[in-house]
Amino acid sequence: MLDIRANLRAVQERVAAACARANRRSGDVLLIGVSKTVELERIRLAVEAGVPALGENRVQEAKEKVESLGRPVPWHLIGSLQTNKARDAARLFDWIQSVDRVDLAHELDRRAHQAERALRVLVQVNIGEEAQKGGVHPAELKRLLDAITGLKYLEVRGLMCIPPAADSAEASRPWFRRLRELRDAVGLEHCSMGMSGDFEVAIEEGATMVRVGTAIFGPRPPRPAVTEGGA
Ligand SMILES: *Cc1c(COP(=O)(O)O)cnc(C)c1O
């Protein structure tokens with residue numbers, strides 16, 4: 001039987017140990033439980049066990065979950081977002097980690113205004129400059145930030161990345177370091193980086209948010225690859 005509580009505690013201990021190695025306080029790193037494909041009952045268990053935030057990568061799937069579970073903790077959108085889903089996203093999520101273009105930011109701002117909410121957002125950076133991947137290229141980051149900083153209903157709080165797939169956690173280290181340097185250069189607070197396989201390395205390199213799915217919830221069933229790429 002999968003023990004969510006024990007898994008969560010084990011991950012929290014690993015977060016704390018990584019923080020200690022890096023001379024950081026564990027309170028400086030937000031652990032986001034990535035609950036995509038996970039059914040309501042297991043998410044409820046994680047909330048009861050004290051998961052501090054939840055992450056989903058598809059708007060439609062999150063809608064059902066937020067409507068059933070409410071907002072016991074903040075919900076983060078971590079998947080790519082189509083502009084035509086900005087309206088639902090602005091109502092459902094507290095944080096949007098996948099802002100990567102001006103038109104999307106404007107639409108989120110407009111929809112957040114309508115929903116009478118303020119949205120905290122991260123700009124997703126395509127740190128490995130991969131062809132298929134969402135995110136703004138590093139060279140375009142400054143221009144994008146200039147264009148979206150000052151939108152009234154969006155608070156731009158940091159950067160997020162999904163580095164190129166790799167066989168080892170160490171292989172991600174240079175990408176994490178690069179995101180942190182970019183974050184420092186633009187003077188923002190958050191770096192969302194690191195997943196089940198590499199969150200400790202990400203913390204050593206300065207992550208302030210880690211997005212951990214399988215290490216908390218167990219393996220995900222494969223899903224049909226029809227709409228690859230998230231929300
Ligand atoms: C699924 C997902 C995660 C979590 O992945 P795990 O390897 O299960 O921890 C983190 N970030 C994003 C953007 C994801 O889509």
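Okay, so before I start: when I say two strands pair, I mean DSSP finds at least two bridges between them. And keep in mind that this is a predicted model.

Let's begin with the sheet. Strand β1, residues 30–34, pairs with β8 in the parallel sense, and there are 4 bridges between them. If you want one spot to look at, take L31: its bridge partner in β8 is V210.

Now stay on β8, which covers residues 209–212. Which way do its side chains go? M209 and R211 point one way, V210 and V212 point the other way, and all of them are buried.

Hold on to R211, since that takes us to the ligand. The side chain of R211 has an N or O atom 2.9 Å from a nitrogen atom of the ligand. K36 comes in too, with a side-chain N or O atom 2.7 Å from a ligand oxygen. And then there's G213, where the backbone does the job: an N or O atom there sits 2.8 Å from an oxygen atom of the ligand. So how much of the ligand gets buried by the protein? Taken alone, the ligand exposes 390 Å², and the protein buries 89% of that.

Who else is around the ligand? The full set is V34, K36, I78, I162, M195, S196, R211, V212, G213, T214 and R220. By type, that shell splits into 5 nonpolar, 3 polar and 3 charged residues.

Next up, H190, over in strand β7, residues 190–192. Buried or exposed, what do we call H190? Its relative accessibility is 11%, and the cut-off for buried is under 20%, so H190 counts as buried. Its side chain makes a polar contact with the side chain of T208, at 2.7 Å. Leaving out residues up to four places away in sequence, H190 touches W95, L122, R157, G158, L159, R183, T208 and M209. You'll recognise M209 from a minute ago, as one of the buried residues of β8.

Last one, and a bit of a contrast: P219. You'll find P219 in the segment after α9, the helix at 214–217. Here the relative accessible area is 72%, and anything over 50% is called exposed, so P219 is exposed. How far is P219 from V38? In sequence they're 181 residues apart, but in space it's 9.5 Å, C-alpha to C-alpha.

That's my tour, happy to go back to any of these on the screen.

Conventions:
Residues are numbered from 1 along each chain as its sequence is written. This is a predicted model: local features need pLDDT of at least 70, side-chain atom pairs count only at pLDDT 80 or more; totals for chains, interfaces and linings use all residues. Side-chain values use heavy atoms; hydrogens and water are left out. Helices (H or I, at least four residues) and strands (E, at least two) are DSSP runs, numbered from the N terminus. Buried means under 20% relative accessible area, exposed over 50%, partly exposed in between (1.4 Å probe, protein chains only). A residue is near a molecule or strand if one of its heavy atoms lies within 4 Å of it. A polar contact is a pair of N or O atoms within 3.5 Å; within protein, one must be able to donate a hydrogen and the other to accept it, and residues adjacent in sequence count only if both atoms are side-chain atoms. Accessible areas come from the Shrake-Rupley method with a 1.4 Å probe; for residues, only the protein chains shown count as cover. Ala, Val, Leu, Ile, Met, Phe, Trp, Tyr, Cys and Pro count as nonpolar, Asp, Glu, Lys and Arg as charged, and the others, Gly among them, as polar. Contact means heavy atoms within 4.5 Å.
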